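Colleague: Could you walk me through this model before I set anything up with it?

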Amino acid sequence: MRVYNTLTQSKVEFIPREEGKVSIYVCGPTVYNYIHIGNARCYLSFDVIKRYLKFKGFDVYHVQNFTDVDDKIINQAKKEGIPASEVAEKYSQGFIEDSKALKFDPPDIRPKATEHIPEMIEMIQGLVDKGFAYVEDGDVYFEVGKFDEYGKLSHRKLDEMEAGARVEVDERKRNPFDFALWKKAKEGEPSWSSPWGDGRPGWHIECSAMSLKYLGRSFDIHGGGQDLIFPHHENELAQAECYTAESPFVRYWLHNGFVTLTGDKMAKSVGNVVLLKDVIKKYDPMVVRMLFLTTHYRSPIDFSEEKLKESTRSYERLNNLVGNIDRVLKKREEKVSRLEPGRDVIVLKAFIENGEPEFVEAMDDDFNAPDALGGLFKAARDINTYLASYDEFSLDELDMLQDIKELFIRLGGAVGLEFTSFLSPEDVDEEWREERRAVMLSGLAKFAGVNVKDAGVLFNRDFPGFVKKFVDLRAAKRAEKEWQTADTIRAFLDSQDILLEDTAAGTLVRIRRLIV
């Protein structure tokens, strides 16, 4: 198993600190607003990594913090006219709700920065005592020039950074890149007592103190977005290794790529954000997950409504296989006698024998989910074609299909994809139907030549029967070789999230798994 380590800028063999166990720290949100889709990519990427490590049999201990004291939180509190603590609590809960909606495997612990001030003060005092930090009028700064390896994570040389520095001049700093470990209290802001006076911790010291407390020295994986490499993770590394006098602080640094919107990095500071909570009101969580799984976690991805629609179709292709197998497996309940298949079942055997090894080979190569899913897409295509070609199956085939279904669900679960049987017209609720009522009544009136009032009676009394009118009408047009009209009817139903699939056993009607 190999992972790309930002520290070495190469793929390296993954060997955890303790055999069979993996320790992970992922920088959590600064809770001053709801997370956007760019933030979500980070947490989804490491959810996939964590799930796959568990799939491989590792015992994973996952820490993900809340930064609940920060300039941004203080500024948001002023805007909302409430205490900073209330802002932090409000958006911490919002993050947890969004995480549940996306079905993240929750971390083992979610430490809050404000609950670990003593650990931070102890660490800062240790850095001062060792000569790596200095006090200036109630502020404490880490002196980057005292750490010879500063810049080794971001692969920047301090002298080159100094030569090209465009940072605000602060005469209290010995070097423009010295960073705050402790900030002197300002009027009206949250503060705690310390040996240097009242104040609050700097951002970087928070994560170092919490990761060292819960994961110990030299833990396995530290994760976050690429924008955190410098300065946040660089500073974390510097202060931790100076404090502990041990290296490495982290064995493997993993960073996910940016999400862009029309080519620009998505960021609250820019204002081009799409909030996750708004996306998951409309799209199934599995669709959002699929959006990111089809691009390698380290590569950038451009977000758009069209990409979500493509992801919807991608997810359906995989989910349909499970639904189609469930449909066929019902034959077992009909006590089908053992039939001679009379056909080549190599496509079924191929996935049973090779599906998992090929999936694991891809994921073992730096969690290459797109390649891993490529094998599932090919299997879904080939097996769905096989199932659509026949209306009877032998008990031997049914046994193989049961094995395929279980394997498909297990592999999907390794990256957090959940597959279900079909939603049918009987399954949809009243709200879902009413959202489509006017368009569907107009459509049936147009295609079948019935008046809207008569269509409405059928819509209210028997929605599955109402949908069947479209299916029967399309079948009639196909029989009359009016292919364009038949395709128009199918496209109309698709626009209303009603999907048709033609098989040897007839036309199946399924509902797209948007949230209803």
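Modeller: Here is a walk through the overall build, some strands, the hollow spaces and a helix.

Colleague: Fine, start broad: what is the secondary structure, and how far does the C-alpha trace span?

Modeller: This is a predicted model, and its secondary structure comes to 17 helices and 15 strands. Along the principal axes, the C-alpha trace spans about 85 × 50 × 40 Å.

Colleague: And what percentage of the residues is buried?

Modeller: Of the 516 residues in the protein, 52% are buried.

Colleague: Take β9 then, is that strand buried or exposed?

Modeller: Strand β9, residues 219-225, has 7 of its 7 residues buried, so it is largely enclosed by the rest of the structure.

Colleague: Which strands does it pair with?

Modeller: Strand β3, residues 21-26, runs parallel to β9 and is joined to it by 3 bridges, while strand β10, residues 250-256, also pairs with β9 in the parallel sense, over 6 bridges. His 222 of β9 can be followed through both pairings, being the bridge partner of Tyr 25 and having Trp 253 in β10 as a bridge partner as well.

Colleague: What about the sheet with β11 in it, what is the strand order?

Modeller: That one is an open sheet of 3 strands, in the order β12-β11-β13, with mixed pairing. The edge strands, β12 (264-265) and β13 (301-303), each pair on one side only. Between β11, residues 259-261, and β13 the pairing is parallel and runs over 3 bridges, with Leu 261 standing opposite Phe 303 of β13.

Colleague: Switching to voids, how many cavities of 30 Å³ or more are there?

Modeller: The structure holds 4 cavities of that size, and the largest of them has a volume of about 100 Å³.

Colleague: What lines the largest one?

Modeller: The lining of the largest cavity includes Arg 41, Leu 44, Ser 45, Val 48 and Ile 49, and also Phe 292, Leu 293, Thr 295, His 296 and Tyr 297, with Phe 367 and Ala 369 among the lining residues too. Helices α1 (37-55) and α9 (285-293) each supply at least two residues of that lining, and the largest share, 5 residues, comes from α1.

Colleague: How does that lining divide by class?

Modeller: The lining of the largest cavity has 8 nonpolar, 3 polar and 1 charged residues.

Colleague: Now the second largest pocket, what are its volume and its lining?

Modeller: The second largest pocket has a volume of about 440 Å³ and is lined by 17 residues, of which Glu 316, Arg 317, Asn 320, Glu 501 and Arg 510 lie nearest its centre. The elements that give two or more residues to this lining are α10 (305-333), α12 (369-388), α17 and β14, and α12 gives the most, with 6 residues.

Colleague: Which classes do those lining residues fall into?

Modeller: The lining of the second largest pocket divides into 10 charged, 4 nonpolar and 3 polar residues.

Colleague: You mentioned β14, what is it joined to?

Modeller: Strand β14, residues 498-503, runs antiparallel to strand β15, residues 506-511, and 6 bridges join the two. Together β14 and β15 form a hairpin with 2 residues between them, and Thr 503 has Gly 506 in β15 as its bridge partner.

Colleague: And α17, what length does that helix reach?

Modeller: Helix α17, residues 483-495, has 13 residues and reaches 18 Å from its first C-alpha to its last, which is close to the 18 Å expected at 1.5 Å a residue.

Colleague: Which of its residues are buried?

Modeller: In α17, the residues Ala 486, Ile 489, Phe 492 and Leu 493 are buried. Seen down the axis of α17, its buried residues fall within an arc of 120 degrees, so they line one face of the helix. As background, an α-helix has 3.6 residues a turn, so residues three or four places apart point the same way.

Colleague: Last one, Lys 453: where is it, and is it buried or exposed?

Modeller: Lys 453 sits in helix α15, residues 452-461, and is exposed, with a relative accessible area of 69%. Between Lys 453 and Ser 442 there is a separation of 11 residues in sequence and of 10.0 Å in space, taken from C-alpha to C-alpha.

Note on methods: Residues numbered from 1 in each chain as written. Predicted model: local features only at pLDDT ≥ 70, side-chain atom pairs only at ≥ 80, totals over all residues. Heavy atoms only, no water. Pairing = 2+ DSSP bridges. Helix = DSSP H or I, 4+ residues; strand = E, 2+ residues; numbered from the N terminus. 1 Å grid on protein atoms, 1.4 Å probe; cavity = no way out; pocket = protein on both sides within 12 Å on 5 of 7 lines; lining within 4 Å. Points joined across faces, edges and corners; volume = space filled by probe spheres on them. Nonpolar A, V, L, I, M, F, W, Y, C, P; charged D, E, K, R; others polar. Expected span 1.5 Å × (residues − 1). Buried < 20%, exposed > 50% of the residue type's maximum accessible area, 1.4 Å probe, protein only. Arc of directions from axis to C-beta.
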